[in-house]
Every structure is written in structure tokens, then in C-alpha cells.
Amino acid sequence: EVQLVESGGGLVQAGGSLRLTCAASGFTSDDHTIGWFRQAPGKGREGLSSLSGDGRTFYADSVKGRFTISRDNAKNTFYLQMNGLKPEDTAVYYCATGEGSIWYPIPELFDNWGQGTQVTVSS
């Protein structure tokens, strides 16, 4: 049974950076896909980025050029580097994994989720 725990959220000024970490306990296969998602008040869960075990990446237009997804398989740890943060990035951020090669961060395709971490960007 894999558990995912996000960390690294907090309060940051607009234009600043944060690095979110997703630590996995238990077994995580290298062929699983990792994804990052967020949910802001009044909105549905938005897929931000995904990275499959075979290296396929995807970024939503809202974060492309600002956010970077990565994974360290040896440590069972995933990351989301967030630069140039904007107030509209304020949300609860979630990491997740799904079986096999998933090409896009569609929430319904991911079956293992972290608890979320709050990111608040002030203007």
C-alpha cells in the first residue's frame, strides 16, 4: 500500500517560488505515472502536470513555463518546482500516482492521492 504525503506549501509573495515535495512510502513502481493537481475554492480539480515512467511529460497551459515536474525514483520522491507564482495559483495542491503510462493529468486516471498542501500567493 503506497501512501503519498505532500509538503512544501505555504504563503509566498507574487513572483516568488516554492518547491512541493511528494514523499511516497511503500512500493512505487518506476512505470507508474506521477501527477500534480490543484483545487481552488469554487473550482474543480485541475490537472497541472504529469510525468510517466517512460518520460512523457505534460503541462497545463496555466503553468507551462513556470512549473517543472520531476521524480527521484531511488528516493520514491516527486517534486513540483513552482516559479513566478501568481495570486491565481492559490489552491490546495495534490500529488497522485496512477498505474502505467498516463499521458495527461486527468484526475480520474489517478488512483492514489496525497492529502494536499495549501499554497497561498499574496499580491
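Two strands are said to pair if DSSP finds at least two bridges between them. With that in mind, good morning, and let us turn to the structure above, which is a predicted model.

I begin with the sheet. Four strands form an open sheet, and their order is β1-β3-β8-β7, with antiparallel pairing. The edges are held by β1, residues 3–7, and by β7; each has a single partner strand, so one side of each is left without a neighbour in the sheet. On average, and with direction ignored, neighbouring strands of this sheet are turned by 15 degrees against each other.

Let us look at each edge in turn. At one edge, β1 runs antiparallel to β3, and five bridges join the two. Here Gln3 stands opposite Ser25 in β3. At the other edge, β7 pairs with strand β8, residues 77–82, over six bridges, again in the antiparallel sense. Phe67 has Met82 of β8 opposite it. The hairpin of β7 and β8 has four residues between the strands, and in this hairpin Asn76 takes a positive phi near 50 degrees.

Which side chains of β7 are buried, and which are not? In a regular strand, side chains alternate between the two faces of the sheet. Strand β7 shows such an alternation: Phe67, Ile69 and Arg71 point to one face and are buried, whereas Thr68, Ser70 and Asp72 point to the other face and are not.

Among these residues I would single out Arg71, which is placed in β7, residues 67–72. Its relative accessibility is 18%, and the cut-off for a buried residue is under 20%, so Arg71 counts as buried. Which backbone oxygen does the side chain of Arg71 reach at 2.9 Å? That oxygen belongs to His32. The side chain of Arg71 also reaches the backbone oxygen of Leu51, at 3.4 Å. Leaving aside neighbours within four places in sequence, the contacts of Arg71 include Ser29, Asp30, Thr33, Ile34 and Gly53, as well as Thr77 and Phe78.

I close with the disulfide. A search of the whole structure finds one. The partners are Cys22 and Cys95, with their sulfur atoms 2.0 Å apart. Cys22 belongs to strand β3, residues 18–25, and Cys95 to strand β9, residues 91–98, so the pair ties together parts that are 73 residues apart in sequence. Both Cys22 and Cys95 are buried. What is the handedness of this disulfide? The torsion about the S-S bond of Cys22 and Cys95 is about 60 degrees, so the disulfide is right-handed.

Methods. Residues numbered from 1 in each chain as written. Predicted model: local features only at pLDDT ≥ 70, side-chain atom pairs only at ≥ 80, totals over all residues. Heavy atoms only, no water. Buried < 20%, exposed > 50% of the residue type's maximum accessible area, 1.4 Å probe, protein only. Polar contact = N/O pair within 3.5 Å; in protein donor to acceptor, adjacent residues only side chain to side chain. Contact = heavy atoms within 4.5 Å. Disulfide = S-S within 2.5 Å. Axes fitted to C-alpha atoms, helices over the stretch in contact; angles between N-to-C directions.
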